[in-house]
Each structure stands twice: as C-alpha cells, then as structure tokens.
Amino acid sequence: MYKTSIAVIGGGPAGLSAAIEAAKAGAQVVVMDENSRPGGQLFKQIHKFFGSQQHKAGVRGIDIGKELLEETQKLGIEVWLDTEVCGIESNKLLWVVKNKTKSVQVLAERIILASGAIENSIYFPGWTLPGVMGAGAAQTFINIYRVAPGKRILMIGSGNVGVIVSYQLLQAGCEVAAIVEAAPKLGGYGVHTAKVCRAGVPFYTSHTVLRALGENKVESAVIIELDDSWNPIPGTEKVFEVDTICIATGLTPLAELAWIAGCRFKYVPALGGFVPLHDDNMETTIEGLYVAGDVTGIEEASSAMEEGRLAGINTVASLGFYSDKQRERLCNEVRERLDALRRGPFGEKRKTSKEEIITSRKEIQCPQ
Amino acid sequence: MSSITNHLKTVGSPSLKELKGSPGFPDELHLKKGPIAIIECIEEIPCNPCETACPRGAIIVGHPITKLPVLDVEKCIGCGLCIAACPGLAIYVKDYTYSDTEAMIVFPYEYYPLPSTGDKVTMVNRRGREVCGGKVVRINISEKNNKTPVISVSFPKKYFEKVVSMKRLLNKRFLSQWTIHL
C-alpha cells in the first residue's frame, strides 16, 4: 500500500494548481492522471486567455500549462501518468491502476478530485460515420498531433468550445463550412464569434443537424431549421458538403468517483448536470474529500485553476500546515479572483449556481 | 442578454449601430482625425489586458473587470500596443489620414501563411465579405505580441468604415498534403 498526505486525482489546470498550492505549504502530494501527459486540456488551448493580469490574461493556455508543469517539477510533486483511479473507499483508500498495468492501493489523508468533464454528444442518423467527432477530438488532432481531421468542417454548437475550435481549425488550414446553433442566440463570447465571422464562417441559429450522409465516411451533412418549440421545420433542410462534423454541445462534469465515494449531489443545469455539493472551501459532504474545476460545474480553465488553489490551501490547512488566519487570508485572495471571473452576463448564472451548491451543502448534516 | 447585442448574438459580428453605442468605439470626429484604436468589445466578459497594455491610460476597464473598455479618444494616439494584447482579437487601429486617397488599418492576424510587405491582399468586412483591395505596408511579429502578428494594410479611403481585416491567404502546402491523404 502506498501512503500519501494528499492525493490529487486529475492533472489538469485544477488538479495541478491544487497540487502546487499544497506542495508549497510543505505537504506530500501525488497527482494521478489517466492520460500519458499532464496538463489536461491546457496544451490544446493555443489561444490567449481572458481575465486580468492575476489570472494570466493574454497568456496562451499552452504556456500556462508549461508554467504549471515547471512549478510541479520544481516542488518535487510526484505525478503518476497513465494511471486510472477506479474507486474511492470511505476511509480515503483509493484503488488505482498504475501505468495501465499494476493495481495499487493508495491511502491518502486528503483527496482532491479534479477529474474534469466529458463532452456531450447528440445523436442523429449517420453519427457513427468516420468523420463525426467531438470538438475536443478535433482540437486534439490539430493542436496536439498537428493533423487536420478533415478538409471542410461543420461545427455543431456555438458555445465557446465550438467557436474557439472553429477558429483553431481555420488556423490549422481547414475550412469551416458553418457553425450551427439550436438556440435562437449564439452561445459563445461575442469576440470569439466575431473573429470567425470576419473569417467568412456563417452562423445558423435555430438550426440543428438532421443527418450525416456518406458511404464509408462523412461526405455531407443536412441541417434543418427549428421552430420556437425546437421542432424541425420540414422543407428548411440545407446540405453542406463536408468531410467532418464536429460536435460541441456542452460538457458534463466527470463525477463518477464522487458518486462512488458517496458524495451528495445536486442537479444544476447551468453547471452541466449533477455536481457534488461542496462548501466554500471546496470540501464535499465526505470529510477530507475536496473537489475543484469542471467536476464541480462546467466553467473554464481560469476558474478551474482558482478553485484548485482554494482546494489546495484548504486541504493543507486542515492538516495543520496553516493557521486559521493564514488560511483565511490566502483563501480570500483566491475568492476575490474567482469572483472577478464570475461576473457579467456569462458569469452571473454560474455564480448564483455555485452559491446554490454551497447553500445546499450547508443545509446537509454530514454523517461523519 | 440585452437586445442591444441582438446582431452580435445572431449573426456573430457586431453591427455598426451596436458598435457606435459602445464606449470603445471612437466618435466620427476622432475616428477620422488620425490613427486611433477601435475596440469592438460590446459584451461584458471578465477581461482587461487592453487597459494594462495602454501606456497612456487611454483605455479604462476599471472594476469589476467585466466592465466594457472605455476609450479616451483624447489620449489615444493609435500606437497599437493594445492590438495584440487583446485576447479576443477585438481591437484594431485605423488611420483615415494615411494619405490623400488611402486609409490604413493595423489589425491582428493569426493565420499562416503570413503575407509579405508590399503584397496585394483582399480586405473584408465584419462578416468576412470582400470589400476592396489593399496593400501590405508592415508586418509586426515582435516577441511582445506573443505570437499574434499585427499587420498594417493601406486601402481606399471610401471603404474606411467597412474594412476590419483581410481575407485569409490559402495555405497551398496544407491543401496538397490533404489531397494525398484523403
């Protein structure tokens, strides 16, 4: 059995930030990630981040990833890659499959769950044809492996993921035939939509994909207009000759481990589905199990990093590395930065939803 | 979302009317007085690097950082330091006084291949539609831009209002590779 002070599950922006914060205080930390490289989605994010200087605004995601990895190394944080955490038992015993080969038990004093999210899919005739893929997959193709997934792409979904990946596909030299949005209004930031718009990409609001056509791969896609009740309007079909259909229809928190551990949940559509309840220190209804990042509700990397820091600070504080006063001061700094990100028409809803999670957590008496 | 941003939220790009009602868009007089920054940021998102980038304090976001950037037309000299600083690529500089017949636009351009100085290029409007021809005057790929090339192009004055960028150049190398693989 392997013993550690803190086990961080997930080596993305939230997990790495949490690990760094905990290791800075002097705690022994091990980060586990099922991927063969750490960094989560950061290394696919070649665009400049928003926020303020404190949030590393203007720095590209890929460079933020590099900075986090450098710090992780400098602090001597152990990172287990190709490592899948398969279960969490009540006494903070983790069942881990290390390097895809070896079953290991890990006993941790504290656990930080930063497992991220999974892409949602939509289903339509032809969706199993090669050439239909998640927008995240297309982004991995171009930005990690430097391979164009196709020549001409149809993007389904106009949220930030759909619009940013469309832009990056254009940068990779692909053509984006159109971006299709089922809602009557576009979802992503206006600056992102404007960027692809001036590159000549048309948007189709109140439209959805009807089917993908092709022999052995996608050769074309049919879209159709939706009425006010989101029902297809016959006769409004449009055909696009494309070889790739990317689906960017939202994300769902990847919270299986929190379910297994016995955390209490709440269904919050604005946060992407079921999210584990947590207090404002990121601790769940299971004592010593903390959460951070997309697993606690879909946001973006900037807020995931702040939540990670919050979880990291509180975990080590609960182990006695910080006095209450120190903990409060450090937490307040992070909370201020988080608050700055959760404002405006995009952030407000997330802010109230997050507060809902914290309020619901307060109303529950912990069994421990 | 307020109805002010209707065009932005359906078409994808802001309309001139939406822009003219925003605090980052210079008034007609200052727009044509000389080089000046034009900020096409009409939606409140948490972001303020434009404010930090301006050495003259001509762009104010303030607190909270979701506030829209306000351009001080008196202070802005159109130096263009904000162009590559904007993560949203929403800022460009225009100079109506570039020459008797031509205006100049300085804009961010993150596509390969890059044009060369002296190249004739096609200028586009906010919806990517071709507006007129232009001539590349300068390409700024300084390290400070953090991999966002900033391109200066001169174009006929009468298209001053419409032009916001240039048409992407075809990447022939990529296209030929695909023909082999697909």
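**Exercise 1. The surroundings of Ala292(A)**

Task: In this predicted model, find which residues Ala292(A) touches, not counting residues up to four places away in sequence. Then place Ala292(A) in its nonpolar core.

Solution:
- Step 1. Ala292(A) touches Ala14(A), Ala18(A), Ile112(A), Ala114(A) and Met282(A), leaving out residues up to four places away in sequence. Its other partners on that count are Ala304(A), Glu307(A), Gly308(A), Leu310(A) and Ala311(A).
- Step 2. The largest nonpolar core holds 158 residues. Ala292(A) is among those with the most contacts inside this core, along with Ile112(A), Leu113(A), Ile245(A) and Cys246(A).
- Step 3. Helix 7 (residues 301-318) of chain A gives the core its largest share, eight residues.
- Step 4. Domain 1 (2-118 + 251-363) and domain 2 (121-247) of chain A both contribute residues, so the core lies between them.
- Step 5. A general tendency fits here: in soluble globular proteins, nonpolar side chains tend to be buried together.

**Exercise 2. The two sides of helix 2**

Task: Check the length of helix 2 (residues 61-74) of chain A. Then decide which residues are buried and which exposed residues sit on the face turned away from them.

Solution:
- Step 1. Helix 2 of chain A has 14 residues; at 1.5 Å a residue they should span 20 Å. The end C-alpha atoms are 20 Å apart, which agrees.
- Step 2. Gly61(A), Ile64(A), Gly65(A), Leu68(A) and Thr72(A) are buried in helix 2 of chain A.
- Step 3. Seen down the axis of helix 2 of chain A, the buried residues fall within an arc of 105 degrees, so they line one face.
- Step 4. The face turned away from the buried side carries the exposed residues Glu70(A), Gln73(A) and Lys74(A).
- Step 5. The cover over the buried residues includes helix 1 (13-24), strand 3 (78-80) and helix 7 of chain A.
- Step 6. Gly76(A) follows helix 2 of chain A, with a positive phi near 70 degrees.

**Exercise 3. Strand 2 and Asp33(A)**

Task: Sort the side chains of strand 2 (residues 29-32) of chain A by direction. Then settle whether Asp33(A) is buried or exposed.

Solution:
- Step 1. Val29(A) and Val31(A) point one way; Val30(A) and Met32(A) point the other way. All are buried.
- Step 2. Strand 1 (residues 2-9) of chain A pairs with strand 2 of chain A in the parallel sense, over four bridges. Ala7(A) has Val30(A) as its bridge partner.
- Step 3. Asp33(A) is in the loop between strand 2 and helix 2 of chain A.
- Step 4. The cut-off for buried is 20 or more other C-beta atoms within 10 Å. Asp33(A) has 26 C-beta neighbours inside 10 Å, so it counts as buried.
- Step 5. Beyond its neighbours within four places in sequence, Asp33(A) contacts Gly10(A), Gly11(A), Pro38(A), Leu81(A) and Thr83(A).
- Step 6. Asp33(A) and Glu84(A) are 51 residues apart along the chain, yet their C-alpha atoms are separated by 6.5 Å.

**Exercise 4. Two hairpins**

Task: Describe how strand 5 (residues 93-98) of chain A pairs with strand 4 (residues 84-88) of chain A and with strand 6 (residues 102-113) of chain A.

Solution:
- Step 1. Strands 4 and 5 of chain A pair in the antiparallel sense over four bridges. Glu84(A) has Val97(A) as its bridge partner.
- Step 2. Four residues lie between these strands, and Lys92(A) in this hairpin takes a positive phi near 60 degrees.
- Step 3. Strands 5 and 6 of chain A pair in the antiparallel sense over six bridges. Val96(A) stands opposite Val104(A).
- Step 4. This hairpin has three residues between the strands; Asn99(A) takes a positive phi near 50 degrees.

Definitions and conventions: Residues are numbered from 1 along each chain as its sequence is written. Chains are lettered from A and ligands numbered from 1 in the order in which they are written. This is a predicted model: local features need pLDDT of at least 70, side-chain atom pairs count only at pLDDT 80 or more; totals for chains, interfaces and linings use all residues. A nonpolar core is a set of buried Ala, Val, Leu, Ile, Met, Phe, Trp, Tyr and Cys residues joined through C-beta atoms within 7 Å. A residue is buried if 20 or more other C-beta atoms lie within 10 Å of its own, exposed if 12 or fewer, and partly exposed in between; C-beta atoms are placed from the backbone. Domain bounds come from an automatic or database domain assignment. Two residues are in contact if their C-beta atoms, placed from the backbone, lie within 7 Å. The expected span of a helix is 1.5 Å times one less than its number of residues. The arc is that of the directions from the helix axis to the C-beta atoms. Two strands pair if DSSP finds at least two bridges between them.
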